[in-house]
Amino acid sequence: MISVEEFTEQLAAEFEDVEPNTISPDSNYRDIKNWSSMYALIIIVFIDANFDVQLNADNLKNTHTVRDLYTLVCEKMKS
């Protein structure tokens with residue numbers, strides 16, 4: 001698995017209207033400018049495509065930061 005920093009960089013690159021380096025592992029991803037359900041779908045697709053891990057809405061409801069997402073993906077990859 002990649003580092004949390006690399007995960008954060010790759011995830012941030014998925015959001016076209018987010019400036020690079022404005023998201024850190026401890027950023028609350030829901031605080032992203034113009035947050036909407038579209039961003040949630042982008043996160044779900046990004047994680048599925050890059051890590052072969054399927055997330056659902058409940059998974060996202062239980063996470064807040066990018067680090068939380070990273071931890072969840074790592075846990076799901078182990079199971």
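Which residues have the most contacts inside the largest nonpolar core? That was my opening query on this predicted model.

**Entry 1: the core.** I found 24 residues in the largest nonpolar core. Those with the most contacts inside it are F7, L11, F15, I43, I47 and L69. I then looked up which helices contribute: α1 (4–13), α2 (37–51) and α4 (66–78) each supply at least two residues of this core.

**Entry 2: I47.** I picked I47 from that list and placed it in helix α2. Is I47 buried or exposed? I read a relative accessible area of 0% for I47, and buried means under 20%, so I47 counts as buried. Leaving out residues up to four places away in sequence, I47 touches F7, D52, V53, L55, L69 and V73. I also checked a backbone distance: the C-alpha atoms of I47 and Y70 are 9.4 Å apart, with the two positions 23 residues apart along the chain counted as their separation.

**Entry 3: L69.** I ran the contact query on L69 next, again setting aside neighbours within four places in sequence. My list for L69 reads F7, L11, Y29, I43, I47, L55, L60 and T63. I note that I47 and L69 turn up in each other's lists, as the I47 query also returned L69.

**Entry 4: the pocket.** Last, I turned to open space. How much space lies in the largest pocket? I noted about 170 Å³. The pocket is lined by 13 residues, and the closest to its centre are E9, A12, P20, N21 and I23. Sorting the lining by class, I got 6 nonpolar, 4 polar and 3 charged residues.

Definitions and conventions:
Residues are numbered from 1 along each chain as its sequence is written. This is a predicted model: local features need pLDDT of at least 70, side-chain atom pairs count only at pLDDT 80 or more; totals for chains, interfaces and linings use all residues. Side-chain values use heavy atoms; hydrogens and water are left out. On a 1 Å grid over the protein atoms alone, a cavity is a set of points where a 1.4 Å probe fits but cannot get out, and a pocket is an open set with protein on both sides within 12 Å along at least five of seven lines; lining residues have an atom within 4 Å of a point. Grid points are joined across faces, edges and corners, and a volume is the space filled by probe spheres set on the points. Ala, Val, Leu, Ile, Met, Phe, Trp, Tyr, Cys and Pro count as nonpolar, Asp, Glu, Lys and Arg as charged, and the others, Gly among them, as polar. A nonpolar core is a set of buried Ala, Val, Leu, Ile, Met, Phe, Trp, Tyr and Cys residues joined through side-chain atoms within 4.5 Å. Buried means under 20% relative accessible area, exposed over 50%, partly exposed in between (1.4 Å probe, protein chains only). Helices (H or I, at least four residues) and strands (E, at least two) are DSSP runs, numbered from the N terminus. Contact means heavy atoms within 4.5 Å.
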